Amino acid sequence: MTAVAVGTFGCLLAGESVVTAAFLGIALIAGAYVGLQHPTWLWWALAVVVAVLPAGYVPGTPVPLIFTLTMAVLLATVLHPRDTVSCTPLEYALIAFVGVAGLSVVATLHKVDDIVEYAKWSGAILLVVALLRLRADQLRTFGRVFVVASVVSAATGLAMLTIDKSARTFDLLSPFGYDASSAGRFVFDGASVTARLSGTYIDPNAAGIGFLAALMISLLVFEGRRRWVLALLLFAAVAMTLSRAAIFSVVLALLLMLAFHTMSTRGRTAIIGTLAGGMALLSAIPASRRRIFSSFGESDTGSTARTDALREFPEKMSGHWLFGHGWGIAEFKDPEKAFTINYVANAPLLSVYRGGLLVGIVFTAIMIYACYLAYRCLRSSRSEIALYGGCFIAFFVLGMQLDFSTVSIPVSVTDLSLMLVFLIVALQSSGADDLVRHTRPAEHPAPLSVRTRVSR
């Protein structure tokens, strides 16, 4: 009740109406009840919010919805006993990573924004630990909720591209901080202007990463025809975002499967046909053809900016190599500042830019280890697990070198955490338990491919 009173009073002090303050008080009471009596509902709510309201705020406050639910999930994980108590090596590494990053925050601390940004980032990273405390059937449910919610999000974005160009959807979502003026993102190529699918993500590149994460998870939590239908729908959503990082990641994943996955001639032919058909379809659509085939050329302003940022990186890091420029700096919060400063659009280097050399090294080491685990998935005899491993490797090797949002944008950090969680799930399903967790037989989670009945 103390938290409810403080939250409501703070809302009034911030200048909000009595109605908004009352709503916040009721929401806090309901949240406390759910957290104490039905904690798994918080997980399902988080899965929906990450996909459907990724840029939303708690009504009447400047607090992001994702951050609020992430903190609630972490608190519920601490308060409620879990069947799975041991941690994987990846979890230990991520916990250490959060600690190392904390040192850079202390060293560069200038204002409260630094602490706020670190709290958002560290909560998203530690979400891996919280989710891996769930039973296999609960993780499966979480994944299914996230995938279905992502399909709904993609459909909403498509509607905003076609029949809702005035962004009335954002007017309906205005209680969550959405504004119609922020809807719509475009790519310019000479005289042509092409709208990009962004939906409630607002940023189409962040949408590409979110839909890619949902595509990957759909491979593990659904079976048969539903699995491939959902994967196809989500790849179509990825393609419509025109996010080169996400599109090229899927293409590279299929190439990795051809190179490393043991499959029949029929399977190899299917992948080659999929690649050829997909590229032909993308080439037939003028918008995607211009976006993809003009990449990295002289007319591509994005590639030119990336090249300039890489060239200027050593100079910008002068005097900041040890602890970085800081966490709450203006270029991470103000789009105009980001455009003017043109910091490097590369996840590992951006980690160095923000947190210093040690943070960048630890981040890269963790991702390389995760890619090793993904390679073990890629060698699995099961095509869905192999494709998941290929997508993860491709996303790090290619996607994260073209896009930086998995470092700086909370929703994309959360999407990366979900990829890491289900990477462990994929390994468990493939039987590679020696690489993920040692548990007592009674605690060992069942593979997600096995339907189980769990008594309450």
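Helices here are DSSP runs of H or I with at least four residues, strands are runs of E with at least two, and both are numbered from the N terminus. This is a predicted model, in which local features need pLDDT of at least 70 and side-chain atom pairs count only at pLDDT 80 or more, while totals for chains, interfaces and linings use all residues. Residues are numbered from 1 along each chain as its sequence is written, and side-chain values use heavy atoms, with hydrogens and water left out.

**View 1. Ala167, in the loop between helix 7 and helix 8 (168-172), has a positive phi.** Ala167 is not a glycine, yet its phi sits at about 60 degrees. At 3% relative accessibility, Ala167 counts as buried (under 20% relative accessible area; exposed is over 50%, and partly exposed is in between, using a 1.4 Å probe and protein chains only).

**View 2. Ile202 is another residue with a positive phi that isn't glycine.** Here phi is near 70 degrees. Look for Ile202 in the loop between strand 2 (192-196) and helix 9 (204-221). With 19% relative accessibility, Ile202 counts as buried.

**View 3. Helix 6 (residues 112-131) carries a kink.** The kink is about 30 degrees and is centred on Ile125; the bend at a residue is the angle between axes fitted to the seven residues ending there and the seven starting there. From first C-alpha to last, the 20 residues of helix 6 reach 29 Å, close to the expected 28 Å, a span worked out as 1.5 Å times one less than the number of residues. Helix 6 is mostly covered, with 14 of its 20 residues buried.

**View 4. A nonpolar patch on the surface brings together Leu109, Val112, Ile115 and Val116.** Together they have about 330 Å² of accessible area, from the Shrake-Rupley method with a 1.4 Å probe, where only the protein chains shown count as cover for residues. To join a patch, a residue needs over 30% relative accessible area and no salt bridge; nonpolar side chains (Val, Leu, Ile, Met, Phe, Trp, Tyr) are joined within 5 Å, and like charges within 9 Å. Ile115, which sits in helix 6, is partly exposed at 43% relative accessible area.

**View 5. Lys120 and Glu117 pair up through their side chains in a salt bridge.** The N to O distance is 3.5 Å, inside the salt-bridge limit (a side-chain nitrogen of Lys or Arg within 4 Å of a carboxyl oxygen of Asp or Glu). Side chains of opposite charge can pair when their charged atoms come close. Both partners belong to helix 6, and because they are three residues apart, about one helical turn separates them. Glu117 is buried, with a relative accessible area of 13%.

**View 6. Glu384 meets Arg227 in one salt bridge and Arg382 in another.** The Arg227 pairing has an N to O distance of 3.7 Å. Arg227 lies in helix 10 (residues 224-241) and Glu384 in helix 18 (residues 383-402), so this pair ties together parts that are 157 residues apart in sequence. Arg227 is buried at 11% relative accessible area, and Glu384 is buried at 9%. For Arg382 and Glu384, the N to O distance is 3.0 Å. Arg382 is partly exposed, with a relative accessible area of 25%. Elsewhere, Arg140, Arg144 and Glu223 are joined into one network by salt bridges that share partners. The structure holds eight salt bridges.

**View 7. Val152 and Val52 are 100 residues apart in sequence but sit 7.3 Å apart in space, C-alpha to C-alpha.** Val152 is part of helix 7 (residues 136-162). With 42% relative accessibility, Val152 counts as partly exposed.

**View 8. Helix 16 (residues 347-355) is mostly covered.** Eight of its nine residues are buried, among them Pro348, Val352, Tyr353 and Arg354. Leu350 is also in this helix and is buried, at 0% relative accessible area. Its C-alpha lies 9.7 Å from that of Phe313, with their positions 37 residues apart in sequence counted as a separation. At the start of helix 16, a side-chain oxygen of Asn346 reaches to within 3.0 Å of the backbone nitrogen of Leu349. After helix 16 comes Gly356, with a positive phi near 100 degrees.

Terms used. A polar contact is a pair of N or O atoms within 3.5 Å; within protein, one must be able to donate a hydrogen and the other to accept it, and residues adjacent in sequence count only if both atoms are side-chain atoms.
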